[in-house]
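Trainee: Could we go through this structure together, step by step, with the terms explained as they come up?

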Amino acid sequence: MSGSVDTRPPRCAGREPIKARLRGESIPAQFIRFVLVGGSSNVLYGGLFLTLAGLGSFVANIVGIAASTVLANELHRRVTFHAVERVGFLQTQWEAGGLALAALVLGTTALAVVNIALPEASSLMQIFAVVAVSAVTGAMRFLALRGWVF
């Protein structure tokens, strides 16, 4: 015997390390990456919004949405779906950007419906409506990106 001893803990047969599973192509792995990418693009949005708020909330919102959407689309292409070889940058921005725009319209519509149907609705109720619609459209966007764009 050579004298070297393997001190690593034994691994269960058929079980991959978590890091390897998260890099895989399974739906749960892709969904986790999708959520992480979404979170990072929201951080960019928030930073841009706060930085540009002096120009007005409309300008800050548009710039934040545009920049964070482009970042999210590219990260989804590279990280979430490993689609760099299959789908180009411009195609990604066009198709995934259209899906993001549709989600934005649905969220804005939900907020308008709450404001019209319940004019005395609290800010908490408004936030709940937008978050609920965002969760549903986010799941639909994941499925559309996975099945159609990438």
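Mentor: What follows is a set of questions and answers on the chain, its aromatic rings and one surface patch. This is a predicted model, in which local features need pLDDT of at least 70 and side-chain atom pairs count only at pLDDT 80 or more, while totals for chains, interfaces and linings use all residues. Residues are numbered from 1 along each chain as its sequence is written, and side-chain values use heavy atoms, with hydrogens and water left out.

Trainee: How many helices and how many strands does the chain have?

Mentor: Helices (H or I, at least four residues) and strands (E, at least two) are DSSP runs, numbered from the N terminus. Read from the N terminus on, the elements run α-α-α-α-α. The count is therefore five helices and zero strands.

Trainee: Is the chain compact or spread out, and what is its radius of gyration?

Mentor: The radius of gyration is taken over C-alpha atoms, and the globule rule is 2.2 Å times the number of residues to the power 0.38. For 150 residues that rule gives 15 Å, and the chain is well over this, so it is more spread out than a compact globule. The C-alpha atoms fill a box of roughly 80 × 35 × 35 Å along the principal axes. The radius of gyration itself is 20 Å.

Trainee: How are the rings of Phe 31 and Phe 34 arranged: stacked, tilted or edge-to-face?

Mentor: Rings of Phe, Tyr and Trp (its six-membered ring) pair if their centres lie within 6.5 Å, and planes under 30 degrees apart count as stacked, over 60 as edge-to-face and the rest as tilted. The count by this rule comes to six aromatic pairs. Phe 31 and Phe 34 have 6.2 Å centre to centre and 20 degrees between the planes, and this pair is stacked.

Trainee: Which of these two residues, Phe 31 or Phe 34, is buried?

Mentor: Both lie in helix α2 (residues 27-52), three residues apart, and are thus separated by about one helical turn. Buried means under 20% relative accessible area, exposed over 50%, and partly exposed in between (1.4 Å probe, protein chains only). Phe 31 has 36% and is partly exposed. With 10%, the buried residue is Phe 34.

Trainee: Which residues do ring pairs link into a cluster?

Mentor: The cluster takes in the two residues just discussed, Phe 31 and Phe 34. Ring pairs link them with Phe 81, Phe 142 and Phe 150.

Trainee: In which helix is Ile 62 found?

Mentor: Ile 62 counts as partly exposed, at 44% relative accessibility. Its helix spans residues 57-80 and is α3.
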